[in-house]
Amino acid sequence: MDISGRHEEDGEYLMVAAAVHARVDSSRIRSVEGIGFAAAREGPTLEATVALAAEAVGDLPSPPEEPVVAEGGEFYEEPAERVGLSFQPDFKYVESIGERETVQAAHHAAYAARELLR
């Protein structure tokens, strides 16, 4: 999952989260099962960011069976255990190349959706 737009532009915020449900192995994406999106115009607090991400995960066509994965910076380097309280089944930070590729796909999706909404 990834969030685009955690910065102010023209006096307002537009954050867009994209959650990519993918099957991955250690080094690549095997298939993409679906993408979920959510948008918010509030400032990028930890609580707002986590809520937005959880909403995007909830928008997936089917709930993930594996952990939700993100870069540490998405949640202000907060411990995964704290962030994970808002996600089901689980949450963790990127550990493999395949997970990093999935986060990169989510980054492109979030950025593109944000550009469409501006």
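Here's a quick briefing on a strand pair, a nonpolar patch and some salt bridges. Keep in mind that this is a predicted model. Strands 2 and 3 pair in the antiparallel sense, and the structure holds 10 salt bridges.

**The strand 2/strand 3 hairpin**
- Strand 2 covers residues 15-24 and strand 3 covers residues 29-40, with 10 bridges between them.
- Four residues make up the hairpin that takes strand 2 into strand 3.
- A22 has V32 as its bridge partner in strand 3.

**The nonpolar patch**
- V32, a strand 3 residue, joins I35 and F37 in a nonpolar surface patch of about 240 Å².
- V32 has 49% relative accessibility, so it counts as partly exposed, since exposed takes over 50%.

**Salt bridges**
- R41 and E12 meet through their side chains at 3.6 Å, N to O. That pair links distant parts of the chain, 29 residues apart: R41 sits in the loop between strand 3 and helix 1 (46-58), and E12 in the loop between strand 1 (2-4) and strand 2.
- R41 is exposed at 51% relative accessible area, while E12 is partly exposed at 45%.
- R82 pairs up with E78, and their closest N and O atoms are 2.8 Å apart. R82 itself is partly exposed, at 43% relative accessibility.
- R118 and E115 form another salt bridge, at 3.7 Å from N to O. Shared partners tie these two into one salt-bridge network with E9 and R114.
- Within that pair, R118 is exposed with a relative accessible area of 54%, and E115 is partly exposed at 33%.

Methods
Residues numbered from 1 in each chain as written. Predicted model: local features only at pLDDT ≥ 70, side-chain atom pairs only at ≥ 80, totals over all residues. Heavy atoms only, no water. Pairing = 2+ DSSP bridges. Helix = DSSP H or I, 4+ residues; strand = E, 2+ residues; numbered from the N terminus. Patch = residues over 30% accessible without salt bridge, like charges linked within 9 Å, V, L, I, M, F, W, Y side chains within 5 Å. Areas by Shrake-Rupley, 256 points an atom, 1.4 Å probe, with all protein chains shown as cover. Salt bridge = Lys/Arg side-chain N within 4 Å of Asp/Glu carboxyl O. Buried < 20%, exposed > 50% of the residue type's maximum accessible area, 1.4 Å probe, protein only.
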